[in-house]
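Q: Could you help me learn to read this entry? I would like to go feature by feature.

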Amino acid sequence: MGLFGLGVKLKDLQDLYVEQLRDLYSAETQLLEALPKMGAAATAAELKQGFSNHLEETRIQVQRLDAIFQDLGEQPGGHTCKAMQGLVAEGSDMIKEKANPAVKDAGLIAAAQRIEHYEIAGYGTVATYAKVLGHQQHLELLRQTESEEKATDSKLTAFAQEINLEAAQA
Ligand code: FE
Ligand code: FE
Ligand code: FE
């Protein structure tokens, strides 16, 4: 909209798409640092492995976003995801808690699932924008990542069913 162009940062859905992608880029890069710490704090081998597997997926998710930014001719930086800062801070609080190992594992799962849900919401949003804007290749990449986040969330739910029982009996 030419009339509203001057001084308006987000003038159309394409601008909002890039902004939302930058938010996800910030979120994912924060997780590259947070996931190893959560894995180190976990006790159950299966949970440790889960964090480690998702760290590897996260590296690839960052590469997918890099490819999208490259295609758009845009830079990924310059925006901080404040929500992920908060979610990671809650995870750090749980890491520092003095807790029975099973209880701490249950708490780490609680923090991790909040993180996955935030990512699922973010990727769902940018995927629908990519579709409307006709970025078919982006859509495929974003849906791939979204399904990894959903699969991670499901694995955490399944693992919580065991660990919560242990934590209840601790
Ligand atoms: Fe992710
Ligand atoms: Fe955010
Ligand atoms: Fe994730």
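Q: Which residue bridges the iron ion (ligand 3) and the iron ion (ligand 1)?

A: Glu 119 bridges these two ions, which lie 3.2 Å apart. A word on the basis: this is a predicted model, where local features need pLDDT of at least 70, side-chain atom pairs count only at pLDDT 80 or more, and totals for chains, interfaces and linings use all residues. Residues are numbered from 1 along each chain as its sequence is written, chains are lettered from A and ligands numbered from 1 in the order in which they are written, and side-chain values use heavy atoms, with hydrogens and water left out.

Q: What are the protein donors of the iron ion (ligand 1)?

A: Donors are N, O and S atoms within 2.8 Å of the metal (3.2 Å for Na, K and Ca); water is not among the atoms, so sites may look incomplete. Here, Glu 28 (OE, listed twice), Gln 61 (OE1), Glu 119 (OE) and Glu 149 (OE) lie 2.1 to 2.3 Å from the ion. Glu 119 sits in helix α5 (residues 101–133) and Glu 149 in helix α6 (residues 136–168), so the pair ties together parts 30 residues apart in sequence. Helices (H or I, at least four residues) are DSSP runs, numbered from the N terminus.

Q: Are Glu 119 and Glu 149 buried or exposed?

A: Both are buried, meaning under 20% relative accessible area, whereas exposed is over 50% (1.4 Å probe, protein chains only).

Q: How is the aromatic pair of Tyr 25 and Phe 69 arranged?

A: A pair of aromatic rings is described by the distance of the centres and the angle of the planes. Tyr 25 and Phe 69 are edge-to-face, 6.0 Å centre to centre with 85 degrees between the planes. Rings pair if their centres lie within 6.5 Å, and planes over 60 degrees apart count as edge-to-face.

Technical notes
Helices (H or I, at least four residues) and strands (E, at least two) are DSSP runs, numbered from the N terminus. Rings of Phe, Tyr and Trp (its six-membered ring) pair if their centres lie within 6.5 Å; planes under 30 degrees apart count as stacked, over 60 as edge-to-face and the rest as tilted.
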